[in-house]
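Subject: A structure for you to look at

Hi there,

I am passing a structure on to you, and I would like you to open it before reading any further. Once you have it on screen, the notes below should help you find your way around.

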Amino acid sequence: MTNKINAWTDFQQFMDDCCQRLNVDPDVSGHGRWWRAMTYQVFVTDGKVKGQRVVMPGDPDNSVVLHALRGDTPDFSSTGRFKRMPLGGAFFDDADILEIEDWIRRGCPENPDPIPMA
């Protein structure tokens with residue numbers, strides 16, 4: 001794991017970069033760039049998209065953003081009420097999803113850890 005995401009701003013940029021690389025426009029998705037629309041505090045406490053809590057810091061298994069990107073629960077399956085994201089594909093690479101999962105597992109830090117002084 002390369003830890004491309006070490007802070008809230010890293011996560012926001014990572015999401016933008018993935019969408020750009022995949023040539024998908026979240027602004028036409030019905031929920032927009034939710035990662036830009038909510039503050040960090042809202043994101044980690046009760047941030048929701050379409051009524052679904054987006055993330056549970058420290059708990060990737062219960063973080064809807066990962067289920068949406070993987071399409072791995074009934075709500076986000078091909079027959080689910082929301083479908084896998086980004087809608088219609090192309091989809092995030094497994095490695096990109098693992099980067100997000102790792103950041104969530106680390107508790108979604110807002111800022112990178114300071115570099116220890118020698």
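One term to begin with: two residues are in contact when heavy atoms of theirs lie within 4.5 Å. Please also keep in mind that this is a predicted model.

Let's start with a single residue, Asp-96, which sits in helix 5. Leaving aside residues up to four places away in sequence, Asp-96 touches Phe-14, Cys-18 and Arg-21. Is Asp-96 buried or exposed? Its relative accessibility is 6%, and buried means under 20%, so Asp-96 counts as buried.

Asp-96 also forms a salt bridge with one of those contacts: its side chain meets that of Arg-21, with 2.2 Å from N to O. This pair ties together distant parts of the chain, since Asp-96 belongs to helix 5 and Arg-21 to helix 1, 75 residues apart. Arg-21 has 48% relative accessibility, so this partner counts as partly exposed.

Now for the helix around Asp-96. Helix 5 covers residues 94-105, which is 12 residues. How far apart should its ends be? At 1.5 Å a residue the expected span is 16 Å, and the end C-alpha atoms are indeed 16 Å apart, so the two agree. Just after helix 5 comes Gly-107, which takes a positive phi of about 95°.

Several residues of helix 5 are buried, among them Ile-97, Ile-100, Trp-103 and Ile-104. Charged residues are on that list too, including Glu-99 and Asp-102. What covers the buried residues of helix 5? The cover includes helix 1 (8-22), helix 3 (40-45) and helix 4 (64-70).

Helix 1 deserves a closer look. Its axis and that of helix 5 are 11 Å apart, and the two helices pack at an angle of about 165°. Angles over 145 degrees count as roughly antiparallel, and therefore helix 1 is roughly antiparallel to helix 5. The crossing of helix 1 past helix 5 is left-handed. On the helix 1 side, the residues that meet helix 5 are Trp-8, Phe-11, Phe-14, Met-15, Cys-18 and Arg-21. Their counterparts in helix 5 are Asp-96, Glu-99, Ile-100 and Trp-103.

Back to salt bridges: how many are there? The count comes to seven. Here are some others to find on your screen:

- Arg-105 pairs with Glu-101, and their closest N and O atoms are 3.0 Å apart. Both residues lie in helix 5, four residues apart, or about one turn of the helix. Glu-101 has a relative accessible area of 11%, so Glu-101 is buried, while Arg-105, at 46% relative accessibility, counts as partly exposed.
- Asp-16, Arg-33 and Arg-36 are joined into one network by salt bridges that share partners.
- Arg-81 bridges to Asp-75, with 3.1 Å between the closest N and O atoms. Arg-81 has 57% relative accessibility and so counts as exposed, whereas Asp-75, at 24%, counts as partly exposed.

If you would like a place to start, try Asp-96 and its salt bridge to Arg-21, then follow the meeting of helix 1 and helix 5 from there.

Enjoy exploring, and write back with any questions!

Best wishes

Definitions and conventions
Residues numbered from 1 in each chain as written. Predicted model: local features only at pLDDT ≥ 70, side-chain atom pairs only at ≥ 80, totals over all residues. Heavy atoms only, no water. Expected span 1.5 Å × (residues − 1). Buried < 20%, exposed > 50% of the residue type's maximum accessible area, 1.4 Å probe, protein only. Salt bridge = Lys/Arg side-chain N within 4 Å of Asp/Glu carboxyl O. Axes fitted to C-alpha atoms, helices over the stretch in contact; angles between N-to-C directions. Parallel < 35°, antiparallel > 145°, perpendicular 65-115°, else oblique. Left-handed = near helix turned anticlockwise from the far one by under 90°.
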